[in-house]
Amino acid sequence: MSDSKPFRRDLPFEEAHAGLKRHFATFQGPKYAEGWAALWADGGFLPWDRMAPSPALADTLINHVEVIGRAILDEDGQTRRKRALVPGCGRGVDVLLLQSFGYDAVGLEYSKDAVKACEEYAREHADDFPVHDEKIGRGSIQFVQGDFYSDEWLEKTGFGKDAKFDLIYDYTFFCAMDPKMRPSWAMRMTELLRKSSQANLICLEFPTTKPAAAGGPPFASSPKAYLEHLSYPGEEIKYDAEGNVVPNPQAPSSPGALERVGHWHPADTHKVGKDADGKVEDYVSVWRHH
Ligand SMILES: C[S@@+](CC[C@H](N)C(=O)[O-])C[C@H]1O[C@@H](n2cnc3c(N)ncnc32)[C@H](O)[C@@H]1O
């Protein structure tokens, strides 16, 4: 990664979004992942990279245990650590947080440079992530290079090619891709989430107030968009001319749907998810197989 350029991380929201939109003009549709890899390879323009874990994930792990449970699973007479996945984990900060809460945590990145950045950050910042609960201890951690939409990276985790996860955390992954990919995103989430009442997909919904017509990334991601796509995984969802989801209340329910079991504003979130007065605009949604 280049060290010669100023590190433009804390750009104003509008400037960051305009820069990303310009960059992604040449990485349309499924090519968008290459666009992210190019940004990581250059290293000079990473405006989403907060270098610190999501306060909303910490709030969820601490204050919503009644919904998501803890990192240790007791099921069918078996006690084990839950497996957590962060697809598009960036620098891996949220993966480190999950590990410190006791999860066996996997950070998945399409960009090999991002994986290197994760490994370096994890080496240098281990002390910033103390064990949350001594009785539960620390889980394992690994950063894996691969494409969320393919299976080949699953073997690299050591959990087997049919691995399923007890917790999946999506932050700035849904909003990072072309909305045309959302049916595949939803289908893939249902495939990777274990079928159990103790397995949860956690989405930190962002940006919830950006006008859809402004384009992206990040693309406008309203609670309705998550709800429609996860209620009808793999199916085309209708959008209006501006890019807002148009729900279809007449549609029969989909057999593969995930059910939303929790939806709230987190107590705190990154600054980018708050309005000018500091009010949290992000939502946390929690999803399970029926
Ligand atoms: C907006 S960044 C967010 C990173 C991280 N979640 C954070 O909050 O800092 C989106 C990330 O998703 C990764 N990504 C995009 N498409 C991917 C794919 N198909 N499989 C795995 N990672 C992907 C990109 O390399 C990029 O680092």
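Reader: Hi! Which element gives the largest share of the shell around the ligand?
Author: Helix H2 does, with four residues. Keep in mind as we chat that this is a predicted model.

Reader: Okay, and how many residues surround the ligand?
Author: There are 22 residues around the ligand, and the closest are Trp36, Gly88, Gly90, Tyr110 and Phe148. Two elements give two or more residues to that shell: helix H2, spanning 32-42, and strand E4, spanning 104-109.

Reader: What classes of residue does the shell have?
Author: The shell has 15 nonpolar residues, along with four polar and three charged ones.

Reader: Cool. Switching to the nonpolar core, which residues have the most contacts inside the largest one?
Author: Those are Ala84, Ile168, Tyr169, Leu201 and Ile202, in a core of 67 residues.

Reader: What does Ile168 touch?
Author: Setting aside residues up to four places away in sequence, Ile168 touches Leu85, Met189, Leu192, Leu193 and Leu201.

Reader: Now loops. Where is Ile237?
Author: Ile237 sits in the loop between helix H9 (223-231) and strand E8 (258-264).

Reader: Is Ile237 buried or exposed, and why?
Author: Ile237 counts as buried because 20 other C-beta atoms lie within 10 Å, and the cut-off for buried is 20 or more.

Reader: And which residues is Ile237 in contact with?
Author: Not counting neighbours within four places in sequence, Ile237 contacts Pro183, Glu228, His229, Tyr232 and Val245. Also, the C-alpha atoms of Ile237 and Pro247 are separated by 7.8 Å, with the two residues 10 apart along the chain.

Reader: New topic: which residues does a cis peptide bond join?
Author: One joins Gly216 and Pro217, with omega about 0°. The bond from Pro217 to Pro218 is cis too, with omega near -5°. Pro217 belongs to the loop between strand E7 (200-205) and H9, and Pro218 is placed between E7 and H9 as well.

Reader: Last thing, what is phi of Met51?
Author: Phi of Met51 is near 60°, which is a positive value in a residue other than glycine. Thr172 also has a positive phi, near 50°.

Reader: Where are Met51 and Thr172?
Author: Met51 lies in the loop between H2 and helix H3 (55-63). Thr172 is in the loop between strand E6 (167-171) and helix H8 (182-192).

Reader: Is Met51 buried or exposed, and why?
Author: Met51 is exposed, because 12 other C-beta atoms are within 10 Å and the cut-off for exposed is 12 or fewer. Thr172, by contrast, is buried, with 21 other C-beta atoms within 10 Å.

Notes:
Residues numbered from 1 in each chain as written. Predicted model: local features only at pLDDT ≥ 70, side-chain atom pairs only at ≥ 80, totals over all residues. Core = buried A, V, L, I, M, F, W, Y, C linked by C-beta atoms within 7 Å. Contact = placed C-beta atoms within 7 Å. Near = placed C-beta within 6 Å. Nonpolar A, V, L, I, M, F, W, Y, C, P; charged D, E, K, R; others polar.
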